[in-house]
Amino acid sequence: MLRRFISVVLIVWALGFVWFAVALPRPLAGGKSAAVVVPTGGAGRIDRGLEVLEQGLAPKLFVSGVDREVRPVEFAVEYEVPAATMACCVTLGFDSVDTRSNAQEISRWRAANKIASVRLVTSDWHMRRAAWELRHAAAGNLIVIEDAIPTRPSLRTLFLEYHKLLARRVGALIGA
């Protein structure tokens with residue numbers, strides 16, 4: 001009986017990993033939201049967030065997890081953001097260091113700004129956990145629209161991210 005249980009768990013784990021690795025989230029074409037949010041940490045994320053803003057698909061951009069050494073003017077120069085756009089539409093968050101704290105920082109910002117829906121821009125391999133963390137931090141009071149940046153993740157990256165997602169979900173189930 002124990003052997004069967006362990007076998008079933010291993011099969012479910014393996015099938016879950018195959019699904020996770022093969023069916024990565026995809027970029028979103030069109031669709032409007034009240035804001036676009038970008039956790040730092042991967043190539044193309046901020047560029048895509050700014051593109052969404054420029055296309056008028058969201059009126060505000062929040063970038064979470066910006067290094068404390070970065071000043072808004074440096075950000076604007078690096079990403080060629082006009083001063084008027086920075087002033088009206090771009091907010092930088094400096095309080096997070098990982099996916100979980102990104103979600104908490106984004107959730108605080110969106111609550112303070114009374115935002116009901118966000119377009120989450122992150123890497124395809126990171127999207128499932130980032131979206132789950134954001135929904136979890138918002139306690140169900142937020143519509144999250146997923147806009148994944150296509151990447152070519154290594155098997156190692158996929159393996160680690162799959163286990164981080166499983167660990168967070170199991171941890172949430174047991175209250176950790």
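At 70% relative accessibility, Glu80 counts as exposed, where exposed stands for over 50% relative accessible area, buried for under 20% and partly exposed for anything in between (1.4 Å probe, protein chains only). Glu80 sits in the loop between H3 and H4, and its phi is positive, about 55°, although the residue is not a glycine. Elements named in this way are DSSP runs numbered from the N terminus, with helices (H or I) of at least four residues and strands (E) of at least two. Lys114 also has a positive phi of about 55° without being a glycine. Its loop lies between helix H5 (99–112) and strand E4 (117–123), and with a relative accessible area of 75% Lys114 is exposed.

A word on the model itself will help in reading these values. The structure is a predicted model, in which local features need pLDDT of at least 70 and side-chain atom pairs count only at pLDDT 80 or more, while totals for chains, interfaces and linings use all residues. Residues are numbered from 1 along each chain as its sequence is written, and side-chain values use heavy atoms, with hydrogens and water left out.

Turning to the overall fold, the chain holds 7 helices and 5 strands. Read from the N terminus, these elements follow the order α-β-α-β-α-α-β-α-β-α-β-α. The C-alpha trace spans about 65 × 35 × 30 Å along its principal axes. The radius of gyration is 18 Å, which agrees with the value near 16 Å for a compact globule of 176 residues; the radius is taken over C-alpha atoms, and the globule rule is 2.2 Å times the number of residues to the power 0.38.

Of the 176 residues in the chain, 42% are buried. The chain exposes about 10,100 Å², with carbon and sulfur atoms supplying 61% of that area; the areas come from the Shrake-Rupley method with a 1.4 Å probe, and for residues only the protein chains shown count as cover. Contacts (heavy atoms within 4.5 Å) often link distant parts of the sequence: among those between residues at least 6 apart, 80% join residues at least 24 apart. As for charge, the mean positions of the 22 positive and 16 negative charges are 12 Å apart. Here Lys and Arg count as positive and Asp and Glu as negative, with His and the chain ends not counted, and each charge is placed at NZ of Lys, CZ of Arg, CG of Asp or CD of Glu.

The interior comes next. In soluble globular proteins, nonpolar side chains tend to be buried together. A nonpolar core is here a set of buried Ala, Val, Leu, Ile, Met, Phe, Trp, Tyr and Cys residues joined through side-chain atoms within 4.5 Å. The largest such core has 20 residues, of which Leu61, Phe75 and Val90 touch the most other members. Two or more residues each come from strand E1 (35–39), helix H2 (45–54), strand E2 (61–64), helix H3 (72–79), helix H4 (83–89) and strand E3 (90–92). H2 is the biggest contributor, giving 4 residues to this core. Beyond its neighbours within four places in sequence, Leu61 is in contact with Val36, Val38, Gly49, Leu50, Leu53, Cys89, Val90 and Thr91. Apart from this core lies another, of 17 residues, including Ile106, Ile115, Ala130 and Leu134.

Several individual residues fill in the picture. Ile145 belongs to strand E5 (residues 143–149) and, at 23% relative accessibility, is partly exposed. Its C-alpha atom is separated by 7.4 Å from that of Ser117, 28 residues away along the chain. Neighbours within four places aside, Ile145 is in contact with Leu28, Lys32, Ser33, Val118, Arg119 and Leu120.

Glu69 is found in the loop between E2 and H3 and is exposed, at 62% relative accessibility. Glu69 and Phe94, 25 residues apart in sequence, are 9.2 Å apart in space, C-alpha to C-alpha. Val73, in helix H3, is exposed too, with a relative accessible area of 58%. From Val73 to Phe159 the C-alpha distance is 38 Å, with their places 86 residues apart in sequence. Finally, Val9 lies in helix H1 (residues 2–22) and is partly exposed, with a relative accessible area of 41%. The C-alpha atoms of Val9 and Leu165 are separated by 16 Å, the two residues being 156 residues apart along the chain.
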